[in-house]
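Work through the exercises below with the coordinates open. Try each task before you read its solution.

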Amino acid sequence: MKRSKKILLSVMTLVVTVALCACGGDKGGETSAESNNSTETSKETGAAIEGEIVRGGEITVGITQDLDSLDPHNMVQAGTREVLFNVFEGLVKADSDGNLVPAVASGYEISDDAKDYTFTLREGITFHDGSAVTVEDVKYSIERYAGINSSAFSILESVEIVDESTIVVHLSEGNTEFLSMLTLEIIPQSNEANFATNPIGTGPFKFVSYTPGQDFVVEAYEGYWNPELPYLDKVTFKIVADADTAVVQLQAGTLDIVQYLSEDQVATLTDGFNIIEGSINYIQGLFLSQDFEPFKDVRVRQAMNYAVDKQMINDFLFNGKAHILGTHMIPAMGKYYNEETENYYTRDVEKAKELLKEAGYENGFDLTITVPNNYSNHVAAAEIIVENLKEVGINAKIELIEMTAWTETVYQGREFESTVIAFTAKLDASTTLRNYYTESPTNFCNYSSEAFDTAYMAAKASIDDEEKIELYKECQMILAEEAVAVYIEDPANLVAMNENLAGYEFYPISAQDVSLIHFVQ
């Protein structure tokens with residue numbers, strides 16, 4: 001077994017001025033503000049893992065959860081986004097450095113006041129059914145997505161078709177971060193009746209079949225606009241909810257790639273695999289319902305933060321390789337990230353007891369921690385938290401539920417006391433922090449703070465980058481000071497991959513890009 005490490009260098013630090021982006025001639029067929037300096041190296045030899053690229057072939061990728069929707073505008077779960085990233089594209093899409101690069105569009109311009117986004121449609125681009133992508137399809141896709149996700153698109157004023165290759169997105173107010181919203185999937189209006197059963201996009205792979213609870217199969221799209229991709233002929237995403245079972249299937253040769261492994265699971269793999277290390281770019285935490293009586297008191301929430309041993313969780317699950325967090329953002333957000341929050345709380349059992357006593361909970365209270373059962377590291381983190389809380393008198397128990405039930409009950413229904421979960425990184429700070437805005441439909445913790453709302457809305461409205469940075473950092477500090485959640489870590493991502501494969505890339509968003517993966521000889 002060889003271990004490799006990929007380092008995500010950039011990103012998601014877009015300074016939006018009047019800009020023009022165009023298709024380039026690099027491997028991904030896209031321009032990038034920075035080159036991807038990530039390297040795949042053997043930690044034992046220090047040498048790059050090399051081999052001649054072999055085109056073609058089939059692989060099977062193990063995934064931990066079923067897809068929640070084949071309609072890309074209605075998908076909710078990160079695991080679904082990771083898979084459908086290969087089928088759909090937006091006008092722009094993220095590369096592995098977090099840069100937004102042209103996809104369905106060949107280029108774009110943003111007005112000085114950041115109210116008008118003008119896109120040029122990529123010449124000759126087609127959908128998987130062979131039909132041409134039109135500006136009418138683009139307009140339809142944007143308006144459909146905006147109708148489903150109305151809060152995120154509240155400033156969308158109109159979508160104007162200028163000519164057969166030009167479209168302008170008009171906003172009611174300037175927003176320098178809106179480009180990231182236009183990663184929304186472009187879909188053919190003609191397929192409207194079949195979005196949920198026959199997904200058609202413009203990505204490097206096209207849909208073949210889906211068997212709920214079993215697998216999702218795609219094959220290379222020969223008409224893809226970048227003729228260099230993909231390398232593989234066919235990929236099966238096999239649903240294996242239990243990580244230990246996935247490891248057994250790796251060893252048996254029925255799986256080629258599995259991510260989100262723990263150090264203990266990796267240790268069971270011997271020859272035949274490369275272990276690639278990176279960050280998941282998730283915000284893992286113990287999220288607290290502000291409707292649960294004890295958590296209405298900030299002192300109780302602060303006590304929770306002093307009680308939980310984040311470093312113990314990191315050491316136990318990832319051998320200390322995860323990045324400890326103190327707010328709802330990750331370091332990959334670059335200039336927007338407030339690293340001062342990381343040490344706002346350090347474990348202090350006596351301080352936790354003192355705060356609980358002040359709040360009237362000297363004898364603790366009973367607490368249920370709801371955890372989706374498909375991600376073993378969330379379960380393991382919850383088990384450590386239960387033991388940590390015992391030390392301060394809080395009697396916590398774990399409730400395991402399926403991911404679909406978690407989405408319906410906890411995230412959408414807001415019926416919970418606390419939950420261990422991880423939120424995926426977004427390409428803009430406003431979307432990342434939107435869960436805490438009082439009126440946000442994604443504010444599942446029912447948090448409300450006038451100070452946060454004021455800073456958040458001011459940050460969104462500002463087109464001055466320095467002001468925006470300071471305001472978003474203020475938002476993050478408010479979340480830390482008010483102990484809205486116990487932010488734990490950006491988990492390490494340990495990926496096991498068949499040693500005959502190469503090309504695995506980590507992304508700062510939910511994406512498992514199999515278009516870059518290839519066999520080597």
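The exercises go from the whole chain to single residues, and the model they use is predicted.

**Exercise 1. Overall dimensions**

Task: Decide how the radius of gyration of the chain stands against that of a compact globule with 521 residues.

Solution:
- Start with the expected value. With 521 residues, a compact globule would come near 24 Å.
- Take the value for the chain. It is 23 Å, which agrees.
- Add the extents. The C-alpha trace spans about 70 × 55 × 45 Å along its principal axes.
- Check burial. Of the 521 residues, 60% count as buried.
- Check contact range. Among contacts between residues at least 6 apart in sequence, 72% join residues at least 24 apart.
- Finish with the surface. The accessible area is about 20200 Å², and carbon and sulfur atoms hold 45% of it.
- List the secondary structure. The chain has 12 helices and 23 strands.

**Exercise 2. Strand β21**

Task: Work out why β21 is described as largely enclosed by the rest of the structure.

Solution:
- Locate the strand. β21 covers residues 492–498.
- Apply the cut-off. A residue is buried under 20% relative accessible area.
- Count. Seven of the seven residues pass, so the rest of the structure largely encloses β21.
- Split the strand by face. One side holds Ala-492, Leu-494, Ala-496 and Asn-498, all buried. The other holds Asn-493, Val-495 and Met-497, also buried.
- Find a partner. β13 (residues 257–261) pairs with β21 in the antiparallel sense over three bridges. In this pairing Val-258 stands opposite Ala-496.
- Find another. β14 (residues 273–279) runs antiparallel to β21 and is joined to it by seven bridges. Glu-277 has Leu-494 as its bridge partner.

**Exercise 3. Nonpolar cores**

Task: Find which residues touch the most other members of the largest nonpolar core.

Solution:
- Take the size. This core has 45 residues.
- Rank by contacts with other members. Tyr-117, Phe-119, Ile-142, Phe-153, Val-169 and Phe-178 touch the most.
- Map the contributors. Elements giving two or more residues include β4 (92–94), β7 (116–121) and α2 (135–148). Helix α2 gives the most, with five residues.
- Look for another core. A second, separate one has 41 residues, among them Ala-307, Val-308, Tyr-361 and Val-379.
- Inspect one member of the largest core. Beyond four places in sequence, the contacts of Val-169 include Tyr-117, Phe-119, Ile-142 and Phe-178.

**Exercise 4. Two polar residues**

Task: Is Thr-341 buried or exposed? Do the same for Asn-305: buried or exposed?

Solution:
- Place Thr-341. It sits in the loop between β16 (323–324) and α7 (349–358).
- Read its accessibility. At 1%, Thr-341 counts as buried.
- Look for a polar partner. A polar atom of the Thr-341 side chain lies 2.8 Å from the backbone oxygen of Asn-338.
- List contacts beyond four places in sequence. Thr-341 meets Gly-326, Thr-327, Gln-476, Met-477 and Ala-480.
- Relate it to Exercise 2. The C-alpha atoms of Thr-341 and Ala-496 are 33 Å apart, with their positions 155 residues apart along the chain.
- Turn to Asn-305. This residue lies in helix α5 (residues 298–307).
- Read its accessibility. At 3%, Asn-305 counts as buried.
- Look for a polar partner. The backbone oxygen of Ala-485 is 3.3 Å from a polar atom of the Asn-305 side chain.
- List contacts beyond four places in sequence. Asn-305 touches Tyr-345, Ala-483, Ala-485, Val-486 and Tyr-487.

Notes: Residues are numbered from 1 along each chain as its sequence is written. This is a predicted model: local features need pLDDT of at least 70, side-chain atom pairs count only at pLDDT 80 or more; totals for chains, interfaces and linings use all residues. Side-chain values use heavy atoms; hydrogens and water are left out. Helices (H or I, at least four residues) and strands (E, at least two) are DSSP runs, numbered from the N terminus. Buried means under 20% relative accessible area, exposed over 50%, partly exposed in between (1.4 Å probe, protein chains only). Contact means heavy atoms within 4.5 Å. A polar contact is a pair of N or O atoms within 3.5 Å; within protein, one must be able to donate a hydrogen and the other to accept it, and residues adjacent in sequence count only if both atoms are side-chain atoms. Two strands pair if DSSP finds at least two bridges between them. A nonpolar core is a set of buried Ala, Val, Leu, Ile, Met, Phe, Trp, Tyr and Cys residues joined through side-chain atoms within 4.5 Å. The radius of gyration is taken over C-alpha atoms; the globule rule is 2.2 Å times the number of residues to the power 0.38. Accessible areas come from the Shrake-Rupley method with a 1.4 Å probe; for residues, only the protein chains shown count as cover.
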